Amino acid sequence: MAPMTIELQPGFADKVLSAQSTFRTVMEAMARPGQVMVVGDEVGGPSSMMPGVAAIALTLLDQETPLWLDEAFLRAPDVGAWLKFHTGAPIVGRSDAASFALIAEPATLPDLASFALGTPEYPDRSTTLILQVPSLTAGQTFHLRGPGIDGMTALTASLAPADLFARLSINEALFPRGLDVILVDGRSLVAIPRTTRLASSGV
Amino acid sequence: MNAPTYNFAYLDEQTKRMIRRAILKAIAIPGYQVPFASREMPMPYGWGTGGVQVTAAILGPKDVLKVIDQGSDDTTNAISIRKFFAKTAGVETTTSTDAATVIQTRHRIPEAPLRAGQVLVYQVPIPEPLRFLEPRETETRRMHALAEYGLMHVKLYEDIARFGHIATSYAYPVKVNARYVMDPSPTPKFDNPKMDNCPALQLFGAGREKRIYAIPPYTSVVSLDFEDHPFTRYKFDAPCALCGAEDSYLDEIVTDNKGSRMFVCSDTDYCEGRQAAGHRGTESVAPHKEAAHG
């Protein structure tokens, strides 16, 4: 029987400059939580992976970053092979050992406390969650505040899980430990670092 | 023989990814020092290897780079770093604060207000504000974890007990986002208020000490002080001798061997901009006293 072959999708057309411009987009997003940023570079990737997620993976992942994938990404035949070929990141089964977690179906996101939250001495040793969400243009409006936000900002998005911000309230109790989240819809992305709070929570 | 060629902006891609991941964590935890695997750079420690690595990791072909050393665009350190990136990344360089998208700085914050979208990269010699009070890294880590900063207040109090005022005039400790006490690098405390609620992103790189930290835009940065000894800016009681500015940080320049001196803006771009706009100072060499507080 002939071995089954999967044709791998390409990554960036220009590895160096596309990684740089994608990083600047992600850095701006992290520095300005709640603001929608757009990845402009041409990027290939598996069909189940949004181009924004593929661009972030190619920009930030390598052999030093243990990676956790949710069930949907694990089931997709080409995702693991594509990530392995283009980034070399080891895919791990334990979510609390991962530097990054890619989540295709955030509705089934496991308990956030199951990811690495960092330690009091090294709060940076935490998992960065990258979530494919339904929309970053339409849906519910969230008012956010925190470092990087001039007063208050509004994010209109259709989120999955729907109670994401409620679940992220663990960041408030745990700070400086906590989880940093990047929401992706197609080529658009929004970062919610652990310092961002819902303005309505009144704290 | 072929001339040696380098990757874009000198660093290899794997190093850039490692630094980029550290920068993202630094932004997410304002004021917290993220360890990173600092590389050897083609310049000695103390010449800005931390700042250069941060700049190399963020710089792109569309950026316009400005480099200042103590406010000046035309000192050896500033010129060689600017040339380094002009050569290895082919980026446009400038001396104008307004035209720059990335500004690498040693020990000053430009006088002209920074705007959203700009990135200020600081060169940091000793990132740990508690280091001279507690030499053990394990202990300073724990003190940061517990937000136990009493020792820093004791140090400032001892200043008051000894000199009658807080005598720390540079590397003046700040508290970022009401959580982490941070060393703003050896900038004069005159510059501290500019860090508070700044629209630009501020990144700090310490090459020898292998730490990166950050202040996101619009973040509270408070200089530590006491109710009865509030933080004051270093203040000069004379204007710049060249441009007449009364709101800038001044350098003392000795003009002969008889003790004559003049005080001029440390920020050369600001001073030249004002002179071009028609502002004039005394341009005299009249000596005057500076007041530490007022």
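This is a working chat about a predicted model, covering an arginine, some cysteines and a helix of chain B.

Colleague: Let's start with B:Arg108, where is the place of that residue in chain B?

Modeller: B:Arg108 lies in the loop between strand 4, residues 102-106, and strand 5, residues 119-123, of chain B.

Colleague: And is B:Arg108 buried or exposed?

Modeller: B:Arg108 is buried, because its relative accessible area is 1%, which is under the 20% that sets the limit for buried.

Colleague: Which side chains does the side chain of B:Arg108 make a polar contact with?

Modeller: There is a polar contact of 2.6 Å between the side chains of B:Arg108 and B:Asp191, and another, of 2.8 Å, links the B:Arg108 side chain to that of B:Ser266.

Colleague: What else does B:Arg108 touch, leaving out residues up to four places away in sequence?

Modeller: Besides B:Asp191 and B:Ser266, the residues that B:Arg108 touches include B:Ile68, B:Gln70, B:Phe190, B:Lys194, B:Tyr249 and B:Asp267.

Colleague: Switching to cysteines, how many disulfides does a search of the whole structure find?

Modeller: The search finds zero disulfides over all chains.

Colleague: Why is there no bond for the sulfur of B:Cys265?

Modeller: The closest cysteine sulfur, in B:Cys243, is 3.6 Å from that of B:Cys265, which is too far for a bond, because a disulfide needs the two sulfur atoms within 2.5 Å. B:Cys265 itself counts as buried, at 5% relative accessibility.

Colleague: And what about B:Cys271?

Modeller: For B:Cys271 the closest cysteine sulfur is in B:Cys240, at 3.7 Å, and that is again too far for a bond; B:Cys271 is also buried, with a relative accessible area of 4%.

Colleague: Now helix 3 of chain B, what should its 13 residues span?

Modeller: At 1.5 Å a residue, the 13 residues of helix 3, 76-88, should span 18 Å, and the end C-alpha atoms are 18 Å apart, so the two agree.

Colleague: Which residues of helix 3 are buried?

Modeller: The buried residues of helix 3 of chain B are B:Asn77, B:Ala78, B:Ile81, B:Arg82, B:Phe84, B:Phe85 and B:Thr88. Looking down the helix axis, these buried residues fall within an arc of 155°, so they line one face of the helix.

Colleague: What covers them, and which exposed residues sit on the face turned away?

Modeller: The cover over the buried residues of helix 3 includes helix 2, strand 2, strand 3, strand 4 and strand 5 of chain B, while the face turned away from the buried side carries the exposed residues B:Thr76, B:Lys83 and B:Lys87.

Colleague: Which residue takes a positive phi just after helix 3 of chain B?

Modeller: That is B:Gly90, with a phi of about 65°.

Note on methods. Residues are numbered from 1 along each chain as its sequence is written. Chains are lettered from A and ligands numbered from 1 in the order in which they are written. This is a predicted model: local features need pLDDT of at least 70, side-chain atom pairs count only at pLDDT 80 or more; totals for chains, interfaces and linings use all residues. Side-chain values use heavy atoms; hydrogens and water are left out. Helices (H or I, at least four residues) and strands (E, at least two) are DSSP runs, numbered from the N terminus. Buried means under 20% relative accessible area, exposed over 50%, partly exposed in between (1.4 Å probe, protein chains only). A polar contact is a pair of N or O atoms within 3.5 Å; within protein, one must be able to donate a hydrogen and the other to accept it, and residues adjacent in sequence count only if both atoms are side-chain atoms. Contact means heavy atoms within 4.5 Å. The expected span of a helix is 1.5 Å times one less than its number of residues. The arc is that of the directions from the helix axis to the C-beta atoms.
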